[in-house]
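Biologist: Please take a close look at the site around the ligand in this model. I would like to know what lines it, and then how the rest of the fold that you can describe is put together.

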Amino acid sequence: MIESSSIKPGFAVVGCGKVGTALTKFLLDNGYQPVGFASRTLASARRLANLAKNDRFSELPWQITANAQIVFITTPDGAIEATCNAIAQNQGFSPGAIVLHCSGALSSTILKSAADAGAFVGSMHPLQSFASTEIRENPFLQIIISVEGDSRAVEASRTMSEDLGAVCMEIQTRAKMLYHAAAVVASNYLVTLMDLAFGLVEPAGIARSEALKAMAPLIQGTLANIEKVGIPEALTGPIARGDSQIVARHLEQIQDRAPGLLELYKTLGRHTVPIALAKKSLSAQAALELEKLLR
Ligand SMILES: NC(=O)c1ccc[n+]([C@@H]2O[C@H](COP(=O)([O-])OP(=O)(O)OC[C@H]3O[C@@H](n4cnc5c(N)ncnc54)[C@H](OP(=O)(O)O)[C@@H]3O)[C@@H](O)[C@H]2O)c1
C-alpha cells in the first residue's frame, strides 16, 4: 500500500516546448501523475502526451487543466498571462490548484486571474538553459530553482524542486525583475566583458580566436577564487593594489589604440575601487587618485 505522503500530485502542462518537456520527463520519473497536455499546436501537445504515456492532449488548455492539482503554464513569457486568463474564463482551474509559470523575468502577479479563481499562484524559475525538447540527462540536477508566490505555491514548488534534484531558493515577488537583472549581468554581461577583453588584446596582436585560449585559465581561476574566498577577497590587480600609475598607462593606451572601449573600462574601474577599499588592500589616498583617473 502506498503511504499517502508518498502520493505525488497530478500535473498538467500548457505550452509543450523545451521547459514543459523537461519538467514532464523528470516529474514523471519522480512519481508525479500526468493529467494532460495542451499547446498552441496539437502536434506539440500530442508529442508530450505520448512521452508521458497519457492520452489527454488538446489545443484548448482548459480541457486538460481542470482536474490537475498542479498546472504549469510554460508558454513563452509573452503568452503566459493571456493563456492564464483564457483558462480562468473557461473555468479551467479547480479551487486550491497550484498554478505556476517558469519565467525568470515575470512574477506570479501575472497569474492573477487564476488566483481570482481560487488557485494558489507562483513562479518556479530553473536557472538553467534548455536548448531542445530532446532531453536525456536531468537538467535540474543541482541547479538553483528560484520560487516566489503564495505560500502554498512556494511550498509545492520547493517539494518539486527537491524531487527534481535541484536546490530551491525563495525570492521576493516584488524584486523578481531585479533577480532577473542579476542573472543577465552574471551570464550575458560576462560575454560582454569577455568581448571587452578581446577588443583590448586585439590591438596588442592576439587574434580573438587565440584570446580565449590565453585567458581561459585566468577566467576560471578568478571564478574559483570567487567561490573559494568570495568578494572582495578575490579581487587582485592594479586597482586592488592601488597602483594608479599602471591604471593611468592603461587609460593612455586604450585612448590611443581602442578609444571606443575607454568608457566601459573606466566605468568598471570606478565600480572596482570600492571593492578594493572593502578588501582594505589600498589606502584612502590611493582610492582617491584612482577615482580621479577613472572619472
Ligand atoms: N529555454 C530556457 O532556457 C528557459 C530557461 C528558464 C526558463 N524558461 C522559461 O520557460 C518558459 C517556456 O520557455 P521554453 O524555452 O520552454 O519555450 P518554448 O520551447 O518556445 O516552448 C513554448 C511552448 O509554448 C507553446 N505556446 C506558444 N504560445 C502558446 C499559447 N498561446 N498557448 C499555448 N501554448 C503556446 C509553443 O507551442 P507549439 O509548440 O505548439 O507551437 C511551445 O511549444 C518561458 O516562460 C521561459 O522564460 C526558459
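Modeller: By class, the shell around the ligand holds 12 polar, eight nonpolar and three charged residues. The model is a predicted one, and in it 23 residues surround the ligand, the closest being V19, T41, S44, D77 and F130.

D77 also makes a polar contact through its side chain, where an N or O atom is 2.6 Å from an oxygen atom of the ligand. The side chain of S39 supplies another such atom, 2.9 Å from a ligand oxygen. T75 takes part through its backbone instead: one of its backbone N or O atoms lies 3.5 Å from an oxygen atom of the ligand. The ligand taken alone exposes 890 Å², and the protein buries 78% of that.

Three elements each give two or more residues to this shell: α1 (18–29), α4 (77–89) and β6 (120–126). Of the shell, the largest share comes from α4, with four residues.

The chain after α4 has a backbone feature worth checking. Q91 lies in the loop between α4 and β5 (98–101). Its phi is near 55°, a positive value in a residue other than glycine. Most residues other than glycine have a negative phi, and most peptide bonds are trans. The second part of that statement also has an exception here: the peptide bond joining I231 and P232 is cis, with omega about 20°. P232 is found in the loop between α8 (208–229) and α9 (238–241).

A helix pair can be described as well. Two packed helices are described by the angle between their axes and the distance between the axes. For helix α10 (residues 244–257) and helix α12 (residues 284–294), the angle is about 5° and the axes are 10 Å apart. Since angles under 35 degrees count as roughly parallel, α10 is therefore roughly parallel to α12. On the α10 side the contact is made by S244, V247, A248 and L251, and on the α12 side by E289, L290, L293 and L294. By class, the residues of this contact divide into six nonpolar, one polar and one charged.

To return to the site you asked about, the polar contacts described there involve the side chains of S39 and D77 and the backbone of T75.

Key: Residues are numbered from 1 along each chain as its sequence is written. This is a predicted model: local features need pLDDT of at least 70, side-chain atom pairs count only at pLDDT 80 or more; totals for chains, interfaces and linings use all residues. Side-chain values use heavy atoms; hydrogens and water are left out. A residue is near a molecule or strand if one of its heavy atoms lies within 4 Å of it. A polar contact is a pair of N or O atoms within 3.5 Å; within protein, one must be able to donate a hydrogen and the other to accept it, and residues adjacent in sequence count only if both atoms are side-chain atoms. Accessible areas come from the Shrake-Rupley method with a 1.4 Å probe; for residues, only the protein chains shown count as cover. Ala, Val, Leu, Ile, Met, Phe, Trp, Tyr, Cys and Pro count as nonpolar, Asp, Glu, Lys and Arg as charged, and the others, Gly among them, as polar. Axes are lines fitted to C-alpha atoms, for helices over the stretch in contact, and angles run from 0 to 180 degrees between N-to-C directions. Angles under 35 degrees count as roughly parallel, over 145 as roughly antiparallel, 65 to 115 as roughly perpendicular and the rest as oblique. Contact means heavy atoms within 4.5 Å.
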